[in-house]
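Consider the sequence and the model below together. The paragraphs that follow go through the strands, then the charged side chains.

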Amino acid sequence: VRLVESGGGLVQAGGSLRLSCAPSESTFSATTMGWYRQAPGKQRELVAMITRSGGTVNYADSVKGRFTISRDNARNTVYLQMNDLKPEDTAMYYCKAVKMITIATTKSYWGQGTQVTVSS
């Protein structure tokens, strides 16, 4: 199973982008899905995550109030709406999906990343 991301690009500061991530197999069902990012020379960091029910959502402090994560379980798709983008949001954005294998075991899947570049 591959995670396919889309929606990255080049945008001016203050602009918006919407990232999407969907599995290559329609039968894939994830529990938690989320977005991470990695800027050059920095460690990969969590941007936002959401549980299957949508009941639990977490954001990095740096994006609270600007980014919104959502998911469409019928399409197994997770979205990241990014508003008021800043140059410091420039990074490669990765989708992550966690699948329950057994009651005590999970497996994580990663996308290949989509580049977001914000110009000042």
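Two strands are said to pair if DSSP finds at least two bridges between them. Strands themselves are DSSP runs (E, at least two residues), numbered from the N terminus. This is a predicted model, in which local features need pLDDT of at least 70 and side-chain atom pairs count only at pLDDT 80 or more, while totals for chains, interfaces and linings use all residues. Residues are numbered from 1 along each chain as its sequence is written, and side-chain values use heavy atoms, with hydrogens and water left out.

Start with strand β4, residues 33-38. Five of its six residues are buried (under 20% relative accessible area, with a 1.4 Å probe and protein chains only), so β4 is largely enclosed by the rest of the structure. β4 has an antiparallel pairing with strand β5 (residues 45-50), made over five bridges. Within this pairing, Trp35 has Ala48 of β5 as its bridge partner. Six residues lie between the two strands of the β4 and β5 hairpin, and there Gly41 takes a positive phi near 80°. β4 also pairs with β9, again in the antiparallel sense, over six bridges. Here the bridge partner of Gln38 is Met92 in β9.

A second place to look is an open sheet of four strands, ordered β1-β3-β8-β7 with antiparallel pairing. β1 and β7 stand at its edges with a single partner strand each, so one side of each has no neighbour in the sheet. On average, neighbouring strands of this sheet are turned by 15° against each other, direction ignored (the axes are lines fitted to C-alpha atoms, and angles run from 0 to 180 degrees between N-to-C directions).

At one edge, β1 is joined to strand β3 (residues 17-23) by four bridges, and the two run antiparallel. Ser6 stands opposite Ser20 of β3. The side chains along β1 alternate: Leu3 and Glu5 point to one face and are buried, whereas Val4 and Ser6 point to the other and are not.

What does the side chain of Glu5, in strand β1 (residues 3-6), meet? Glu5 is buried yet has no salt bridge (a side-chain nitrogen of Lys or Arg within 4 Å of a carboxyl oxygen of Asp or Glu). The nearest side chain of opposite charge is that of Arg44, 7.7 Å away; for this purpose Lys and Arg count as positive and Asp and Glu as negative, with His and the chain ends not counted. A polar atom of the Glu5 side chain does lie 2.6 Å from the backbone nitrogen of Gly113, and the backbone nitrogen of Gln112 lies 3.1 Å from a polar atom of that side chain. Leaving out residues up to four places away in sequence, Glu5 touches residues including Ser20, Cys21, Trp35, Tyr94 and Gly111 (touching, or contact, means heavy atoms within 4.5 Å).

At the other edge, Phe67 lies in strand β7, residues 67-72. Phe67 counts as buried because its relative accessibility is 3%. Its contacts, with neighbours within four places in sequence left aside, include Arg37, Val47, Tyr59, Leu80, Met82 and Asp89. Between Phe67 and Thr77, 10 residues apart along the chain, the C-alpha atoms are separated by 17 Å.

Now turn to the charged side chains. Side chains of opposite charge can pair when their charged atoms come close. The count of salt bridges comes to five. One of them joins Glu45 and Arg37, whose closest N and O atoms are 2.7 Å apart. Arg37 counts as buried because its relative accessibility is 6%, whereas Glu45, at 35%, counts as partly exposed (between the 20% and 50% limits). Another salt bridge is formed by Asp89 and Arg66, at 2.8 Å from N to O. This pair links distant parts of the chain, 23 residues apart: Asp89 is in the loop between β8 (77-82) and β9 (91-102), and Arg66 is in the loop between β6 (57-59) and β7. Asp89 and Arg66 are both buried. Arg37, Glu45, Arg66 and Asp89 are linked in a network of salt bridges.

Lys64 and Asp61 also meet in a salt bridge, at 3.0 Å from N to O. Both Lys64 and Asp61 are exposed (over 50% relative accessible area).

Notes: Polar contact = N/O pair within 3.5 Å; in protein donor to acceptor, adjacent residues only side chain to side chain.
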